[in-house]
Amino acid sequence: MDNPYTANININQILQQTIEITKEVTQFIQSEIGKINQNDIEIKSLNSLVTYVDITSEQMLVEQLQKILPDASFLTEEETINKTQNDWQWIIDPLDGTTNFIHQIPVFAISVALAYKNEIQLGVVLEINKNDCFYATKNNGAYLNGRKISVTQTSKLEDSLIATGFPYYDFNKLEAYLNFLKFLMQKTRGIRRLGAASVDLCYVACGKFDAFFEYSLAPWDVAAGSLIVQEAGGLVYDFSGENNFLYGKEIIACNNNLYNEFIYELKNQS
């Protein structure tokens, strides 16, 4: 199905260019694994870390992506370019899972999305350790390394594996979160916390996880991954069951069969 937003541009060509750029930056990040020392780590805020690798990766991405769509604006985690708002906007996390990267825990990724009027049209997430490239364009399905992917068909929470992210700086919803976590511990096959939301979302998209939820996330954490889940046949909402997951700082992603039970229990247990 053609997308009216992309009628005047070749979204598939832009996707391929974005993937190539992301792979180039991946090579840089891979070359820096194990080279970080304490002097390289800057604390932006409570438990929010940044290194020269994050900053350099973002600069590399911005420089190359600007060449594809010169008029597009950028929303980036490290703010290496002035934040502006145009109809077309790149939303970038140059290194999702910085703490994992610093500690050499092998789950971190680059996340790049392209939005038109706040609606995501393209998403690329490259998990750096396995060189797994997840990608999607709107209405064209989701893929992993060229293979089409889809969410699970699991229909009961008791048969599901759930992913989440632990609060690490915003503890306003901690009690409700822990109540729901306690419920899930007793009513599911297990809970995993990888430390990179973009990867969690992609693992829902390809069927490794049945559902994912987290709060206090930024747009660059979820922009690409949310589209990939949706194009893999999954559902993405905020905790109220509305569509404000991109800027609302909370997200649920799961398959269609689990959604009603999952959000009911989230509201009920919290």
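A disulfide is a pair of cysteine sulfur atoms within 2.5 Å. The exercises below use that cut-off and a few others. The model is predicted.

**Exercise 1. Find how many disulfides the structure has, and explain the state of C133 and C202.**

Solution.
Step 1. Searching the whole structure gives zero disulfides.
Step 2. Take C133. The closest cysteine sulfur belongs to C202, and it lies 9.0 Å from that of C133. This is too far for a bond.
Step 3. Take C202. Its nearest cysteine sulfur is that of C206, 7.6 Å away, and C202 is in no disulfide.
Step 4. Check burial. The limit for buried is under 20% relative accessible area. C133 has 4%, so it is buried. C202 has 0%, so it is buried.

**Exercise 2. Classify the packing of helix 4 against helix 7, and describe the residues in contact.**

Solution.
Step 1. Locate the helices. Helix 4 spans residues 174–187 and helix 7 spans residues 256–269.
Step 2. Read the geometry. Their axes are 8 Å apart, at an angle of about 130 degrees. Helix 4 is therefore oblique to helix 7.
Step 3. Assign the hand. The crossing of helix 4 past helix 7 is right-handed.
Step 4. List the contacts. Helix 4 contributes N179, F180, F183 and L184; helix 7 contributes F262, E265, L266 and Q269.
Step 5. Sort them by class. The contact of helix 4 with helix 7 has five nonpolar residues, two polar and one charged.

**Exercise 3. Repeat the analysis for helix 5 and helix 6.**

Solution.
Step 1. Helix 5 covers residues 197–205, and helix 6 covers residues 219–231.
Step 2. The two axes come within 8 Å and cross at roughly 0 degrees. Angles under 35 degrees count as roughly parallel, so helix 5 is roughly parallel to helix 6.
Step 3. From helix 5, the contact uses A197, S198, L201, C202, V204 and A205. From helix 6, it uses D221, V222, G225, S226, I228 and V229.
Step 4. By class, the contact of helix 5 with helix 6 holds eight nonpolar, three polar and one charged residues.
Step 5. Link back to Exercise 1. C202 is among the helix 5 residues that meet helix 6, and C202 is buried.

**Exercise 4. Place S240 in the structure, and state its exposure and contacts.**

Solution.
Step 1. S240 sits in the loop between strand 13 (235–237) and strand 14 (250–254).
Step 2. Its relative accessibility is 45%, so S240 counts as partly exposed.
Step 3. Set aside neighbours within four places in sequence. S240 then contacts E250, I263 and K267.
Step 4. Compare S240 with T188. They are 52 residues apart in sequence, and their C-alpha atoms are 22 Å apart in space.

Key. Residues are numbered from 1 along each chain as its sequence is written. This is a predicted model: local features need pLDDT of at least 70, side-chain atom pairs count only at pLDDT 80 or more; totals for chains, interfaces and linings use all residues. Side-chain values use heavy atoms; hydrogens and water are left out. Axes are lines fitted to C-alpha atoms, for helices over the stretch in contact, and angles run from 0 to 180 degrees between N-to-C directions. Helices (H or I, at least four residues) and strands (E, at least two) are DSSP runs, numbered from the N terminus. Angles under 35 degrees count as roughly parallel, over 145 as roughly antiparallel, 65 to 115 as roughly perpendicular and the rest as oblique. A crossing is left-handed if the near helix is turned anticlockwise from the far one by less than a right angle, and right-handed if clockwise. Contact means heavy atoms within 4.5 Å. Ala, Val, Leu, Ile, Met, Phe, Trp, Tyr, Cys and Pro count as nonpolar, Asp, Glu, Lys and Arg as charged, and the others, Gly among them, as polar. Buried means under 20% relative accessible area, exposed over 50%, partly exposed in between (1.4 Å probe, protein chains only).
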